[in-house]
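I opened the two-chain file this morning and kept short notes on what I looked up. The entries are in the order I made them.

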Amino acid sequence: MIIETRDLEQTYSSGGRPLTVLRQINLSIAPREFVAVMGPSGSGKTTLLGLLAGLDRPTRGVVRLDGDDLGSLSEDARARLRAEKVGFVFQTFQLMPTLTALENVLVPLELRGGADGAAAELRARQLLERVGLGDRVDHYPAQLSGGEQQRVGVARAFAAEPKVLLADEPTGSLDAETGRAVIDLLVELNRDAGTTLVLVTHDPALAARARRVIRLVGGTIVADARTEGQ
Amino acid sequence: MRLPFALALAWRESRGSRRRLALYLGSVSLGVAALVAITSFGANVRTSVQAQARTLLGADLELRARAPFPDSVEAVLDSVRRSGVPLARVTSFASMVLAPRTGRTRLIEVRAVSGEFPFYGTVATDPPGLWTSFRATRTLIVDPAVLVYLEARVGDTLNIGDARFVVAGVVTRAPGDAALWTAIGPRVFLPAQFLDETNLLRFGSLAQYRAYVQMPDDDVQRFLNRHNALFQRHRIGNETVAEQEEDLTRAVGRLARWLGLVGLVALLLGGLGVGSAVNVFVGDKLDSAALLRCLGARQRAVLAVYLLQAIALGLVGAGVGVVLGLLVQAVLPMVLSGLLPLEISTALQWSPILAGLGIGVGTAVLFALPPLLRLQAVSPLRALRHDLDGGGRASRLWRLAVYGALFIGLIALSVWQAPRRQVGFAFAGSVLVTTALLWLTARSLMGATRRWFPRRASYVVRQGVANLFRPQNQTTAVILAIGFGVFLIATLYVVQRNLLDQLALDSRPDRPNLVFFDVQLDQRHGVVRVLAERGVSALGVTPIVPARIARLNGRPTDSLTADTLGRVPSRWALRRDYRNTYRDTLVSSERLTAGAWWVGSTARREGELPRISVEEELAGDLGVRVGDRITWNVQGVPVETQIASLRQVSWARFEPNFFVVFEPGVLERAPQTFVLLARVGDATRRAELQRDVVLAYPNVVSVDLTLVQQAVDGIVSKVTLAIRFMALFSIGSGLVILVGALAASRLQRIREAVLLKTIGASAGQVRRIFLTEYCAWGSLAALTGVLLAGMAGWALVTQLFELRFRLPALALVGVWATVVGLVAAVGLANSRAALSKPPLAVLRELSE
């Protein structure tokens, strides 16, 4: 299993009172799986995704990523793990406004360090080519449309050849058609690179393309079903 | 919209942004604080002067002259005394004083006192009560510094000229003394009846003769009116209490106003901070403004809502500034102490407080207006479509009005604060020019950074530098404000260092460091012999011949000054006492600018006038050219001369320089004294040599230039300290703007930190990115200031002071490093939240 959780629980304090966002989450995700996480607003989808990426320590329970227990690692060790094994796509793209498209894609490679500069740049260019932005490498985010920005985001997520790709409502800020194109790209890259894909979404049409759909309500898993997928 | 509603809406609308805005308005606070502090200090000084004026002068009227009062004047004074009016005399001159026990000598101001002076105020002594009793015996009382310099103590004997006195005690406080001056030019007081025993008042010695009178103010005026002509004729000056008060008030007022201009810079920088802060604020408020317009508010009403917020917050900022200023004002007397001859009482002055409030609000509003215009012009459609591009453009008329108001405001403020109207205009002009230059420098440095930054640098560094160009980053405003402060402080430093370096004589082995004045004709060879016994050779013996101008081109000076038609030569130049010399060569500090020097042609033909060379600017003051004739009164003997050449003189050199040089062969037989220069490396040997000369020739005055240099050093540091203190407010304003800019970009910074962490950056990497950004910020700001300071310093040193320029590069690098450290520290301290927040918490906020 590439991702495993046992009795995962996350509690925040809200207005001085404890608020349990996730409880009793037990999950196993195999390599190369394509999993969609669905649920209404406030059901804990994003928190789950964040815990899988080690963005915070769980209040209780265990998260394993490719065999490592995230709860036992320091903040920086988890960051290093992400740099090596996890790609992330955000709903609001989250590109660095001061960097060009190419530089944005290069960030994960450069953060990881030790990379050959020329080789990294070549890879970044190829990825941008792949997402259809070969002619816009030197544009700044403000000069790109929403769909184009998200494609840069996807290229960045794949830059470091991660084992796991986590996407938080990747089409949430895009119109239907652009959103579909971005998902096509994700699925395609996922298939070619052999990545595990976990995707949080509201969109049933998008969820329908996954092989497995997990439904969260009020912080617990209410359904975990395999589908036909595509 | 009615005003009450606009007020209510303004209040409600400001919810959520109040704290942040208050921070921005803090940048106005510092400027207001600086102004309030300096103006209320000035007002306090004025009240203190009014209260103490009579004590400061010590009498109701002072008469003074450069020579003993002639018999005709003495007769007037006699009749005054006979009528029962109290009269006192003080004769003062500089002389060498020797302490035989320690072997120390020092040039000290000697004051011979007779009569009940001062009539107002008391001179406090230790032991107490000496001031009235010491004059009966052959004793002295001295300023404490005298004992320090001579390593003497009360009870020691001091030699002054040919007389010996016992030190009875020290003066602990005398009215009208400025601590700094008495420390640099300390005095000994001796009873007037023993003055003659010193044998010091000889030919050529510079002495001041003063008479003090105590009489009602009306009588003073009547007395002066009656004897005006007599006093004029004998060059007897006078000072009344009213004049003294006026002079002091004016001098202090001018000092306060000059310092206030430095404070004004801080205020204007604060205004810049307000402008850039309101710009960010407007960006946040465009939607609300559009919504108000959608709901039917008129353009003017929208502007009113936000303008009221700016006014209210300006008031808060100015209020904080006033309180701060009053606190600082309590510190100012300490910074300026030593420069002022009186005690300053600190009292609450209302006019500076009200002025501070008004100026603070005015500045805040003026600088807030240009960005606020964007809100006024926002399209209502924006309420429906957020992506509509930011704000409209106000109509040309509005913009013209606002920028016009800003411009007029700047000039009005400057003129109001400046000591003179021209200075105000010049100040406003130089602020505009300096700001433009700083802005240009900042922009080109930023451009250069962006363009030529090495692509191969590590990602962390590149990202940090790229952050300078983050939207809403206020980089230019921060660089301008901090750069301005650095510019002021660094310029002062550069000029000060260059001035002091010129006086650093010890480092140059060929320059004299010991000067002997007032050497009489018959003592010349004797002094040279005393020097030779110590193995020292005189570097130069310069004759000095006192003289006055009697006629210009044949016309008597009296008729020239009385002339009301045509160009009148300056009164000062006509009437002053000249100290001329004669020699056959130019010296190194001189350059000929017109005519010819008398090289090799010293033999004068029969019937030709003796030739002289006149300093260029003096020639301008006298209105004379090469070929014109000047008739001198040399101790009663008329000597007619012709101007053969004009010279430019570098006065800043520590050498005997002269306005007028005669050709040799004319003045050799005239009454004259000599100046001898020598160089002695070792300080102890210098002191011993001075002692030997004083023992042999008590009237010869010697000055150790290294001591003069230390004294000048002391004065310059004291004066620049006050300016530097005010310049600190500019740096403070810069830092407040920096904090404001950091607060404005806080959310963005947190998001970036989280994003980077999410895609695998360690906390250390994120911190290093921020650190790089702040260091770049500080670097550019400091570099901007230091670059311009170098140029301004060069201009001031070479053009104004006419000295050689040397760039104190190492010190400027130090300034630069300090600023970088300061900015980085403030930056990191304000970024803790962005660094410490766990990424998931932010991600949840972003997506839900």
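**Entry 1: two asparagines in loops.** I started with Asn553(B), which is partly exposed, with 13 other C-beta atoms within 10 Å. For the record, this is a predicted model, so I take every angle below as computed from it. Asn553(B) is not a glycine, yet phi is positive there, near 50 degrees. I found Asn553(B) in the loop between β12 (540–552) and β13 (555–556) of chain B.

Then I looked for a second case and stopped at Asn199(B), another non-glycine with a positive phi, about 60 degrees. Asn199(B) sits in the loop between β8 (187–191) and β9 (207–213) of chain B. Is Asn199(B) buried or partly exposed? I checked the surroundings: 13 other C-beta atoms lie within 10 Å, so Asn199(B) is partly exposed. The cut-off for buried is 20 or more.

**Entry 2: cis peptides in chain B.** Next I went through omega. The bond from Phe117(B) to Pro118(B) is cis, with omega near -10 degrees. Pro118(B) belongs to the loop between β3 (104–114) and β4 of chain B. The bond from Asp126(B) to Pro127(B) is also cis, and omega there is near -5 degrees. I placed Pro127(B) in the loop between β4 and α4 (130–133) of chain B. So β4(B) turned up in both lookups, following the loop of Pro118(B) and preceding the loop of Pro127(B).

**Entry 3: what pairs with β7(B).** That made me follow β4(B) into its sheet. Strand β4 (residues 124–126) of chain B runs antiparallel to strand β7 (residues 163–173) of chain B, with three bridges between them. Thr125(B) has Val171(B) of β7(B) opposite.

Which way does β5(B) run against β7(B), parallel or antiparallel? Strand β5 (residues 139–142) of chain B pairs with β7(B) in the parallel sense, over four bridges. I noted Leu140(B), whose bridge partner in β7(B) is Val167(B).

Strand β6 (residues 157–160) of chain B pairs with β7(B) too, antiparallel and over four bridges. There Ile160(B) faces Ala163(B) of β7(B). The hairpin of β6(B) and β7(B) has two residues between the strands, and Gly161(B) takes a positive phi near 60 degrees in it.

**Entry 4: over to chain A.** I counted seven helices and ten strands in chain A. Of its 230 residues, 47% are buried. Among contacts in chain A with a separation of 6 or more, 68% are between residues 24 or more positions apart.

I picked out one sheet here: an open one of four strands, antiparallel, in the order β2-β1-β4-β5 of chain A. Its edges are β2 (17–29) and β5 (68–69) of chain A, each pairing on one side only. Inside it, strand β1 (residues 3–14) and strand β4 (residues 60–65) of chain A are antiparallel and share five bridges. I marked Thr5(A), which stands opposite Val63(A) in β4(A).

**Entry 5: a helix closed in.** Why did I call α3(A) largely enclosed? Helix α3 (residues 101–112) of chain A has ten of its twelve residues buried, so the rest of the structure largely encloses it. The buried set includes two glutamates, Glu103(A) and Glu110(A), along with Asn104(A). Leu106(A), Val107(A), Pro108(A) and Leu109(A) are also among the buried residues.

I looked up what does the covering. From chain A it includes α2 (75–85), α4 (117–130) and α5 (146–159), and from chain B it includes α13 and α22. Just after α3(A), Gly113(A) takes a positive phi of about 75 degrees.

**Entry 6: where the chains touch.** Since chain B helps cover α3(A), I closed with the interface. How many residues of chain B are in contact with chain A? I got 25 from chain B, against 29 of chain A. On the chain B side, α13 (459–466), α21 (746–758), α22 (763–800) and α25 (839–847) each supply at least two residues. The largest share, six residues, comes from α25(B). By type, that side of chain B divides into 13 nonpolar, seven polar and five charged residues.

Methods: Residues numbered from 1 in each chain as written. Chains lettered and ligands numbered in written order. Predicted model: local features only at pLDDT ≥ 70, side-chain atom pairs only at ≥ 80, totals over all residues. Contact = placed C-beta atoms within 7 Å. Nonpolar A, V, L, I, M, F, W, Y, C, P; charged D, E, K, R; others polar. Pairing = 2+ DSSP bridges.
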